[in-house]
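This report covers helix burial and the nonpolar core of one model. The sequence and structure come first.

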Amino acid sequence: VARTSREMVTSSQQMTMPLLIINMGGEMLYILEQRLQAQSIVEEKSLRVLQDVISTMFSAKFIGELFKPQPMYSNSSTRQIFDRLAHSSIMRLNESSMDKLYDLMTMGCKYQVLSCSSPADLIQVSLNHLDALRKLVKKPAVVQLVDSAAKQLIQMFKELTPGEFTLLRQTLCRFFQDRRVKVSLFLQDQIQSPDGSITITHKGALPVGTDLPGTIRYFDDGKLDSEEVIAVGNAAGCTPAVTGVDVTKPGRPCQLGSNLYSKERRKGKKAAAAKVAKAALTGGGSSFVPEESAKVAAKAELNQLAQMIGGGGVAPEADSFNIVNLFPDTALAGAAPGSDRLAEIIAFDADDADVRSVAHQLAADLGDGEEAKEEDEDDLLALMDAS
């Protein structure tokens, strides 16, 4: 039975949560893996953190609720979900580290959503995240949870039309709209502009069903007579669409969703980091002020999905460990919150002394400033217990 346009819009808007949580969750685990290594946390504890977070995020009960049709969550409620996920193991982060972790997750996911050459590529991005998460864990039971989530993802989205995929991506774009936290690694790789916006390139494989820009076909009586390709500027760097590939298996044409923070990817890119970071820190324009968390998150958004987050119980005190600052090389480049002098930049690469010196020198020139007054926020556990 053909669906109306209104039904298509409603359906697409209520199917975004699995893509949001899986992709942002994948970004969170990439970042945690890199930062735990940088903080010299023993391998046994690092592996336990990653496995506990993955087993919580992909538990059967949680995934069952996640894949039910539901409205898109707000940023504040989504942040609370990941706050609980990040603390579902023996690791404890302070408020500042969690803020920066969420900002990095958001910007990484925003980059991938905007960079898809076709809205249907969102499925490949999600499956790339899931493939990478399988490699982070060693317990067969946890791998099975990830496999089960991948099967449900494929089943849910395999029949969507191009129009529905487009509506789905538009819904995700609204979620990430106006978030422009600067990340030194993204600035260095030139996937982010000095004003914090994401840089989109036309280069790469074309979407399935499209032709190289400049393709002209001539028809005679409705039949193809001849074809030619003229040189146009926007064809440079474009490659023909890849067809006949099973995107449900590794080796997909779309590489988005891979680890942006891996050592292999960062190798050879440190030389330009200081120059790019300094340009971003001293550039003009107004700073981005992150969205303020709501004082009371809407309980309706948390009633089902957030209640499923838990599992594993409280870790023994002897096993728990606190990380005072997950991003020790992050400096606030600016004055008090709301100032239009400079935006915040997260200097992710801890190995680059030049980036640190630029950020530290600028912070010294600006002065310490007043510490932002912490807002009253309801604890996610209390909200879930009360719902």
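## Helix burial and core

In α8, the buried residues (under 20% relative accessible area, 1.4 Å probe, protein chains only) are V142, V146, A149, A150, L153, M156 and F157. They lie on the same side of α8 because they cover an arc of only 130° around the axis, taken from the directions from the helix axis to the C-beta atoms. The face turned away from this buried side carries P140, A141, Q144, K151 and Q155, which are exposed (over 50%). Among the elements covering the buried residues of α8 are α2 (16–38), α3 (43–57), α4 (60–66), α7 (121–136) and α9 (162–176), with contact meaning heavy atoms within 4.5 Å.

This is a predicted model: local features need pLDDT of at least 70, side-chain atom pairs count only at pLDDT 80 or more, and totals for chains, interfaces and linings use all residues. Residues are numbered from 1 along each chain as its sequence is written, and side-chain values use heavy atoms, with hydrogens and water left out.

Helices are DSSP runs (H or I, at least four residues) numbered from the N terminus. The expected span is 1.5 Å times one less than the number of residues.

| Helix | Residues in helix | End-to-end C-alpha distance | Expected span |
|---|---|---|---|
| α8 | 18 residues | 26 Å | 26 Å |
| α3 | 15 residues | 21 Å | 21 Å |

In α3, the buried residues are S46, V49, L50, Q51, D52, V53, I54, T56 and M57.

The largest nonpolar core has 73 residues, of which M24, M28, I54, F58, F82, L101 and F157 touch the most other members. Its largest share, 12 residues, comes from α2. Such a core is a set of buried Ala, Val, Leu, Ile, Met, Phe, Trp, Tyr and Cys residues joined through side-chain atoms within 4.5 Å. Leaving out residues up to four places away in sequence, F82 touches I21, M24, G25, M28, M98, Y102 and M105.

Notes: Helix = DSSP H or I, 4+ residues; strand = E, 2+ residues; numbered from the N terminus.
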